[in-house]
Amino acid sequence: MYFRGHDVHLLGRHERAGYRRAVQAVFQDPFSSLNPRLTIRTTVSEPLAQTEPGLTRAEAAERVAASLTRVGLPPRIADDYPHELSGGQRQRVAIARALTTNPDCILLDEAVSALDVSIRAQVMNLLRDIQDRSGVSYLFIAHDLAVVKYVSTRIGVMYLGKLVETAAADELYANPLHPYTQILLNNALPAHPDDVREEVILKGEVPSAFDPPSGCRFHPRCPQALPVCAEVEPALRGQASGHHVACHLYGA
């Protein structure tokens, strides 16, 4: 894994501290990602102990209050415990924890999938508002295509651990190139109940990621597979539309 051109596993002690400040994470389930034995204050200030150990208690408390305010929570909840908060409030706390170091990038791993629909919309709007105000980048991992479209500026589609297509969000949804992306979007719930789409049922089962097929990993299930697909793994190549796609249908 590389960040700013450097392998994060080879970083020195000082560089590693900078990486930890610059990159934070928000996990899927706010009911398990927060330690039930720690107060919200301790939880939100935890990244500071790792990245800025010289902060005084008063300075750390000020940073915690500022982070809670940024996510729409009153600073007075800092002395509460996770079980005293709702699911949406807990996820806001998780986001506040990620914001305490003023990161450049936040990894969001299915960050709204465990929330009720109404709370999900609030958290998604919060994430966009934070990004508009701070300029932080998100690496947003999700399977909900509507959520992906709402929060993303550029999208990468993966199949069995490999990127098969990347493009600007609007371009990807308007003109999907890879057969897997086409099927994904075709089978998604339509934006309007009157929209008619022909559902495509993929043949076979998803192969094991520990023993993937030769060539293109999608070829055993792909309705457009060519003989070369079973033998040669396609490279991710740029297209005139700004896409990058890993598919033999689009040539060299």
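Here are some questions and answers on a predicted model, covering its sheet, its helices and one loop residue.

Local features need pLDDT of at least 70, side-chain atom pairs count only at pLDDT 80 or more, and totals for chains, interfaces and linings use all residues. Residues are numbered from 1 along each chain as its sequence is written, and side-chain values use heavy atoms, with hydrogens and water left out.

Q: What is the strand order of the open sheet?
A: Helices (H or I, at least four residues) and strands (E, at least two) are DSSP runs, numbered from the N terminus. Two strands pair if DSSP finds at least two bridges between them. The sheet has three strands with parallel pairing, and its order is β3-β4-β5.

Q: Which are the edge strands?
A: An edge strand here pairs on one side only. Four bridges join β3 to β4, and β4 pairs with β5 over five bridges. The edge strands are β3 (23-26) and β5.

Q: Which residue of β5 does L107 stand opposite?
A: β4 and β5 pair in the parallel sense. Opposite L107, in β5, is L139.

Q: Which side chains of strand β5 (residues 137-141) are buried?
A: In a regular strand the side chains alternate between the two faces of the sheet. Buried means under 20% relative accessible area, exposed over 50%, partly exposed in between (1.4 Å probe, protein chains only). S137, L139 and I141 point to one face and are not buried. Pointing to the other face, and buried, are Y138 and F140.

Q: How are α2 and α3 oriented to each other, and why?
A: Axes are lines fitted to C-alpha atoms, for helices over the stretch in contact, and angles run from 0 to 180 degrees between N-to-C directions. Angles under 35 degrees count as roughly parallel, over 145 as roughly antiparallel, 65 to 115 as roughly perpendicular and the rest as oblique. Helix α2 (residues 40-51) and helix α3 (residues 57-70) pack at about 105 degrees, with axes 9 Å apart. The two are therefore roughly perpendicular.

Q: Is T101 buried or exposed?
A: T101 sits in the loop between α4 (87-99) and β4 (105-109). Its relative accessibility is 2%, so T101 counts as buried.

Q: Which residue's backbone oxygen lies 2.9 Å from a polar atom of the T101 side chain?
A: Contact means heavy atoms within 4.5 Å. Leaving aside neighbours within four places in sequence, T101 is in contact with residues including P47, L48 and R63. The backbone oxygen at 2.9 Å belongs to R21.

Terms used: Polar contact = N/O pair within 3.5 Å; in protein donor to acceptor, adjacent residues only side chain to side chain.
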